Amino acid sequence: MMHFADSLTFSGRKAVAAWAALPFPALSGSSLPNILSAHQQDVPWKLLSSWREQKVSCCFAQSVVLRGICKEKSASCPGQPRWPLQSCESPEQLLQQYLHTQFPGAFSTAQVLQQPCATRPPFPQFFSPLLTSRGFLPDRAQGSSSAGVESIPVLAALQSSPLLHSLLSGLCRDLRAPNLRRCSSFFTAGVEQDDFQEALEELRTLSQCYETGFGADGSEDEADSD
């Protein structure tokens, strides 16, 4: 995983953020071009961290994997208007083009796998009862399903983006906040005060590597340098 993250980082950056859509929102029987075209305004995956910021308008590099969307669903249905994405020859090219549209200028890799994510017991059944047994949203003609969800389509992404500036600088602020109980446990375990301060400085320097003139919320995070 460390080597994989290294392939997405450069210019002093060392961390990537994990995103996922679980399940990936798609109507049963829809083609992949139409599924992605329905999310042109906003990407359908969410940040896995509990950080308050959940949207990112740009990124430096990313790797995205979509699984559980059959390749036969990548072509448009007869009689439907063609979207620009429908000119792609393969699901990988289609997803790659979608990523370039959403994040122009970013280094992006895309992979599409037919095998869905299995969710049979003991996988927790926390899914909406509206999902089909394959994890898709049913169309109006199908109605809701009472059967358990046996598998789901999933999209997962690792992304190096300006969002990490906010996340890392926020972590640095939290560690600098006075908390004698937490700090005393660090030092009791053998952490030296100088090493602790050096690690904080390295964290602050790392967060600055993700600053950019666009897409980063610098107004609040600039206070971290005070």
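1. Leucine 175 belongs to helix 4, which spans residues 163-176. In this predicted model, leucine 175 has a relative accessibility of 22% and therefore counts as partly exposed, since the buried class is reserved for values under 20%. Leucine 175 and glutamine 197 are 22 residues apart along the chain, and their C-alpha atoms are separated by 9.9 Å.

2. Serine 207 is placed in helix 6. With a relative accessibility of 1%, serine 207 counts as buried. When residues up to four places away in sequence are left out, serine 207 touches His165, Leu168 and Ser169.

3. As to the overall make-up, the protein chain contains seven helices and seven strands. Read from the N terminus, the order of these elements is α-β-α-β-β-α-β-β-β-β-α-α-α-α. The protein chain has 226 residues, of which 38% count as buried. About 12900 Å² of the protein chain is exposed, and carbon and sulfur atoms supply 56% of that area.

4. The contacts can also be viewed by their separation along the sequence. Among contacts between residues at least 6 apart in sequence, 77% join residues at least 24 apart.

5. The largest nonpolar core is made of 38 residues. Trp19, Phe24, Trp45, Leu66 and Leu95 are the residues with the most contacts inside this core. Two or more residues come from each of strand 1 (17-21), helix 2 (32-37), strand 3, helix 3 (91-102), strand 4 (107-113), strand 7 (154-160), helix 4 and helix 6. Because domain 1 (1-160) and domain 2 (165-209) both give residues to this core, the core lies between them.

6. Phenylalanine 24 deserves a separate entry. Leaving aside neighbours within four places in sequence, phenylalanine 24 is in contact with Ile35, Leu36, Pro44, Leu66, Ile69, Pro153, Val154 and Leu155. Apart from the largest core lies another one, of five residues, including Leu131, Val149, Ile152 and Val154.

7. How many aromatic pairs are found in the whole structure? A search finds four. One of them is formed by phenylalanine 60 and tyrosine 210, a tilted pair with 6.5 Å from centre to centre and 45 degrees between the planes. This pair links distant parts of the chain, its members being 150 residues apart. Phenylalanine 60 lies in the loop between strand 2 (46-47) and strand 3 (61-67), while tyrosine 210 lies in the loop between helix 6 (193-208) and helix 7 (218-221). Both phenylalanine 60 and tyrosine 210 are buried.

8. Another tilted aromatic pair joins phenylalanine 123 and phenylalanine 126, with 6.0 Å between the centres and 50 degrees between the planes. Is phenylalanine 123 buried or partly exposed? Its relative accessible area is 26%, so phenylalanine 123 is partly exposed. Phe123, Phe126 and Phe127 are linked into a cluster by ring pairs.

9. Arginine 13 is placed over both rings of the pair described in point 7. The charged end of arginine 13 sits over the ring of phenylalanine 60, 3.6 Å from the ring centre. Arginine 13 also lies over the face of tyrosine 210, at 6.0 Å from that ring's centre.

Definitions and conventions. Residues are numbered from 1 along each chain as its sequence is written. This is a predicted model: local features need pLDDT of at least 70, side-chain atom pairs count only at pLDDT 80 or more; totals for chains, interfaces and linings use all residues. Side-chain values use heavy atoms; hydrogens and water are left out. Rings of Phe, Tyr and Trp (its six-membered ring) pair if their centres lie within 6.5 Å; planes under 30 degrees apart count as stacked, over 60 as edge-to-face and the rest as tilted. Helices (H or I, at least four residues) and strands (E, at least two) are DSSP runs, numbered from the N terminus. Buried means under 20% relative accessible area, exposed over 50%, partly exposed in between (1.4 Å probe, protein chains only). A charge sits over a ring if NZ of Lys or CZ of Arg is within 6 Å of the ring centre and within 35 degrees of the ring normal. A nonpolar core is a set of buried Ala, Val, Leu, Ile, Met, Phe, Trp, Tyr and Cys residues joined through side-chain atoms within 4.5 Å. Domain bounds come from an automatic or database domain assignment. Contact means heavy atoms within 4.5 Å. Accessible areas come from the Shrake-Rupley method with a 1.4 Å probe; for residues, only the protein chains shown count as cover.
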